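User: Hi there! Could you take one part of this model and go through it closely with me, then show me how it connects with its surroundings?

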2 protein chains.
Amino acid sequence: MVKYQISPIDRTFSALADPTRREVLMRLKSERGLSVSDLARPLSLKLPGLMKHLDVLSDAGLITRTKTGRTVSVNLSTGPMQDAMAWLNQYERLWTVSLDRLVALVEEDDGQ
Amino acid sequence: MVKYQISPIDRTFSALADPTRREVLMRLKSERGLSVSDLARPLSLKLPGLMKHLDVLSDAGLITRTKTGRTVSVNLSTGPMQDAMAWLNQYERLWTVSLDRLVALVEEDDGQ
DNA sequence: ACAATACTTCACTATATGGTGAAGTATCAG
DNA sequence: CTGATACTTCACCATATAGTGAAGTATTGT
């Protein structure tokens with residue numbers, strides 16, 4: 001299970017690529033500190049399945065887990081998401097530029 | 001290789017999770033319309049390997065391929081990246097950094 | 001002490017992913 | 001026509017992923 005030289009951004013995008021994991025993140029956004037079994041309840045998988053997803057999210061730095069007594073409360077960590085946003089943001093210029101071009105094209109078309 | 005019931009956003013994040021694919025996107029950002037062999041040249045994999053990555057990027061809607069004669073030129077498609085940004089942007093208020101230009105994109109279901 | 005609760009780990013399975021070499025299909029050059 | 005070029009598909013392999021049931025470890029309730 002050891003992973004050599006996989007970059008943090010790989011792990012982030014990879015963690016976000018699964019709908020179950022995104023649902024976990026969504027729920028944690030509205031309700032902080034949910035327990036592992038709280039998270040499992042609405043999902044159609046068993047606890048060991050969820051555990052693996054939580055491991056992936058932890059490895060990506062997207063969640064933190066703190067155990068108090070026998071229950072674990074899970075919380076969001078937004079750092080990796082900011083990094084992912086930053087990566088995608090490199091392309092922002094590209095789609096605003098193409099939008100500008102589209103506008104220019106439409107205006108040109110109007111003139112004819 | 002047919003994938004049933006995988007949502008577009010899954011495919012987008014999944015496509016972005018690989019460093020080779022991100023490098024392809026980066027190169028296409030600066031140089032548009034590169035050919036398949038242009039893209040392959042600096043990479044340490046064989047053409048069939050690159051073909052699979054290009055298939056993944058196409059399936060995710062991140063690139064388009066147009067064949068003229070025997071060469072294929074590849075171009076970026078930014079729509080899915082905007083959707084990924086929109087998804088991540090739901091968390092923006094949690095980290096309280098204003099990425100003001102994205103405000104218009106917030107209107108989005110989670111893509112499930 | 002004993003049992004229930006809340007995870008956690010283990011062993012296993014099925015499928016997906018990322019790579020290869022070899023062979024196939026057009027297209028272009030001479 | 002012949003051969004080179006530019007992909008494309010095929011068959012195969014190793015590893016990773018996502019799930020399961022069963023068993024294990026603390027912690028809490030009676």
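Analyst: Happy to. Let's start at one pair of residues: B:R65 stands opposite B:V74 in β3(B). Please keep in mind throughout that this is a predicted model.

That pair belongs to a longer match between two strands. β2(B) and β3(B) are paired in the antiparallel sense, over six bridges. Strands of a sheet pair through backbone hydrogen bonds, in either a parallel or an antiparallel way. Moving along from B:R65, you find B:T66 opposite B:S73 in β3(B). Further on, B:T68 has B:T71 as its bridge partner in β3(B). The two strands, β2(B) and β3(B), form a hairpin with two residues between them. In that turn sits B:G69, with a positive phi of about 65°.

Now for the other partner of β3(B). Two bridges join β1(B) to β3(B), and these strands also run antiparallel. Here B:S35 stands opposite B:S73 in β3(B), so to speak facing B:S73 from β1(B), while B:T66 is the residue opposite B:S73 in the pairing with β2(B). Put together, the three strands of chain B make an open sheet in the order β1-β3-β2, with antiparallel pairing. Its edge strands are β1 (34–35) and β2 of chain B, each of which pairs on one side only.

One residue of the edge strand β2(B) deserves a pause. B:T64 lies in strand β2 (residues 63–68) of chain B. Is B:T64 buried or exposed? B:T64 counts as exposed, because it has 12 C-beta neighbours inside 10 Å, and a residue with 12 or fewer is classed that way. Apart from neighbours within four places in sequence, B:T64 is in contact with B:N75 and B:S77. For a sense of distance, B:E23 is 41 residues away from B:T64 in sequence, and their C-alpha atoms are 16 Å apart in space.

From the sheet, we can turn to the DNA. DNA strand D is surrounded by 21 residues, and the closest are A:P48, A:G49, A:G69, B:V36 and B:S37. The elements that give two or more residues to this surface are α4 (47–59) of chain A and, from chain B, α3 (36–40), α4 (47–59) and β3 (71–76). So β3(B), the strand we have been following, is one of the elements listed there. The largest contribution is that of α4(A), with five residues. By class, the surface near DNA strand D has eight nonpolar, seven polar and six charged residues.

Next, the interior. The largest nonpolar core has 42 residues, and B:F13, B:L57 and B:A84 have the most contacts inside it. Helix α5 (residues 79–89) of chain B provides the largest share of this core, six residues. Leaving out residues up to four places away in sequence, B:A84 touches B:I9, B:T12 and B:F13, and also A:L88 from the other chain.

Three of those partners lead to another helix. In helix α1 (residues 8–16) of chain B, the buried residues are B:I9, B:T12, B:F13, B:A15 and B:L16. Seen down the axis of α1(B), they fall within an arc of 160°, so they line one face of the helix. What does that buried set pack against? The buried residues of α1(B) pack against α2 (19–30), α4 and α5 of chain B, together with α1 (8–16) of chain A. In soluble globular proteins, nonpolar side chains tend to be buried together.

That brings us to the place where the protein chains meet. The contact takes 21 residues from chain A and 23 residues from chain B. On the side of chain A that touches chain B, α1, α2 (19–30), α5 (79–89) and α6 (92–110) each supply at least two residues. The most comes from α5(A), with five residues. By class, this side of chain A has 13 nonpolar, four polar and four charged residues.

Lastly, a look at chain A as a whole. Its secondary structure comes to six helices and three strands, and from the N terminus on the elements run α-α-β-α-α-β-β-α-α. Of the 112 residues in chain A, 23% are buried.

Methods: Residues are numbered from 1 along each chain as its sequence is written. Chains are lettered from A and ligands numbered from 1 in the order in which they are written. This is a predicted model: local features need pLDDT of at least 70, side-chain atom pairs count only at pLDDT 80 or more; totals for chains, interfaces and linings use all residues. A nonpolar core is a set of buried Ala, Val, Leu, Ile, Met, Phe, Trp, Tyr and Cys residues joined through C-beta atoms within 7 Å. A residue is buried if 20 or more other C-beta atoms lie within 10 Å of its own, exposed if 12 or fewer, and partly exposed in between; C-beta atoms are placed from the backbone. Helices (H or I, at least four residues) and strands (E, at least two) are DSSP runs, numbered from the N terminus. Two residues are in contact if their C-beta atoms, placed from the backbone, lie within 7 Å. A residue is near a molecule or strand if its C-beta atom, placed from the backbone, lies within 6 Å of it. Ala, Val, Leu, Ile, Met, Phe, Trp, Tyr, Cys and Pro count as nonpolar, Asp, Glu, Lys and Arg as charged, and the others, Gly among them, as polar. The arc is that of the directions from the helix axis to the C-beta atoms. Two strands pair if DSSP finds at least two bridges between them.
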